[in-house]
Number of protein chains: 2
Amino acid sequence: MNYTPPLARLIERLQSLPGVGPKTAQRLAFHILKRPETEVEALATALVEAKKQIGLCQVCFHLTADSVCEICRNPNRDESMICVVPDSRDVIALEKTREYSGKYHVLGGVISPMDGIGPEQLHIQPLVERVSKEKVKEVILAISPSVEGDTTTLYLGQLLKPFTRVTRIAFGLPMGGDLEYADEVTLARALEGRRDLD
Amino acid sequence: MNYTPPLARLIERLQSLPGVGPKTAQRLAFHILKRPETEVEALATALVEAKKQIGLCQVCFHLTADSVCEICRNPNRDESMICVVPDSRDVIALEKTREYSGKYHVLGGVISPMDGIGPEQLHIQPLVERVSKEKVKEVILAISPSVEGDTTTLYLGQLLKPFTRVTRIAFGLPMGGDLEYADEVTLARALEGRRDLD
């Protein structure tokens, strides 16, 4: 390859990003070389500062630049509901729906013995403490259906039921989803979760 | 959106990259937050250093961290041939073929009056100087076929023919390409460029 060394280094670094292969890395690198220096420095600064400043919320383990995240600090959010999700990304996805006004708890993953992730590796103990101490009326488990997700949901259900009501989000046919093209498991879940018409 | 400010800034900056929309930017940002700080700093440094150190070769205008690029400095490369390409990326692509051992000249684009790019905005004058001064036996124009590319090729042909032999790379059906699925212009070019069997 005839990349000049600083370019080769940049392309190599860009390739460490998810979904970025050699071709994309090259395209990104050439784009970056054409941008003004101030813009490139701003990107570099944003990278380092995000990494340095962002940590986990002490209460719910959502990503935040403060010790306690904005959602936990917001007095307008319903403290009596906690929605439990595996990842901070799930919080963002749920917030986009604008349908939920309670609090969250980010587990940091799901129980997966194959990957060496047991309950101790997740933020489960602080969740139990929150639920047992705070006046929590409902815990919603919003964990994707999979072997690991279902295990985590069952585990948390048993753990939290002594303290409060525990629910799980619904699974079924997605909006616009076609019966004919849905996989069997989704259809089975959709049947299982059927409800009486109002 | 409930992104904490440093995360929002990072996502915004990542979105300025080509082919990176809000979803990809979010995915990249979350990935970056999960990597060790040293790795993120290395990426940031690679960005800034590539931008600061890389300029254009004084001779051929290929990207380089030195004043004259590696290809121009290489005494094993055939000085009597110059391959003219619009972009540094084209040099990399041609180098990958390992079929060409001459020198290059990077134009920095193609003539495109609609975008305000005339011959003066490209590195054409230095090319004429190279061709007129150096002992160049052949100039190969390797510019993609398009209205602008063809214009540039014709323009350069007229300009350089008084000094040396000027050729153009072949256009036609790509390897593995199916006649049935080739577009008309490609097929027309393939017919036009037909050669006698050996």
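**A walk from the shared core to helix α6(A)**

Let's start in the middle of this predicted model. Its largest nonpolar core holds 46 residues, and Leu7(A), Leu14(A), Leu7(B) and Leu14(B) are the ones with the most contacts inside it. Both chains take part: α1 (5–14), α2 (22–34) and α3 (37–53) of chain A, along with α1 (5–14), α2 (22–34) and α3 (37–53) of chain B, each give two or more residues to this core. In soluble globular proteins, nonpolar side chains tend to be buried together.

Pick out Leu14(A) and look around. Setting aside neighbours within four places in sequence, Leu14(A) touches Val20(A), Ala25(A), Leu28(A), Ala29(A) and Ile32(A), plus Leu43(B) from the other chain.

Now hop over to chain B and see how two of the helices that feed the core fit together. The axes of α1(B) and α2(B) lie 9 Å apart, and the helices pack at an angle of about 125°. Because of that angle, α1(B) counts as oblique to α2(B). Their crossing is right-handed. On the α1(B) side, Leu7(B), Leu10(B), Ile11(B) and Leu14(B) do the meeting; their partners in α2(B) include Ala25(B), Leu28(B), Phe30(B) and Leu33(B).

Last stop: helix α6 of chain A, residues 124–133. Here Ile124(A), Leu127(A), Val128(A), Arg130(A) and Val131(A) are buried. They span an arc of only 160° around the axis, so they sit on the same side of α6(A). Turn to the other side and you'll find Gln125(A) and Lys133(A) exposed. And what do the buried residues of α6(A) pack against? They pack against β3 (78–85), β4 (102–106), β5 (138–141) and α7 (147–160) of chain A.

Terms used:
Residues numbered from 1 in each chain as written. Chains lettered and ligands numbered in written order. Predicted model: local features only at pLDDT ≥ 70, side-chain atom pairs only at ≥ 80, totals over all residues. Heavy atoms only, no water. Core = buried A, V, L, I, M, F, W, Y, C linked by side-chain atoms within 4.5 Å. Buried < 20%, exposed > 50% of the residue type's maximum accessible area, 1.4 Å probe, protein only. Helix = DSSP H or I, 4+ residues; strand = E, 2+ residues; numbered from the N terminus. Contact = heavy atoms within 4.5 Å. Arc of directions from axis to C-beta. Axes fitted to C-alpha atoms, helices over the stretch in contact; angles between N-to-C directions. Parallel < 35°, antiparallel > 145°, perpendicular 65-115°, else oblique. Left-handed = near helix turned anticlockwise from the far one by under 90°.
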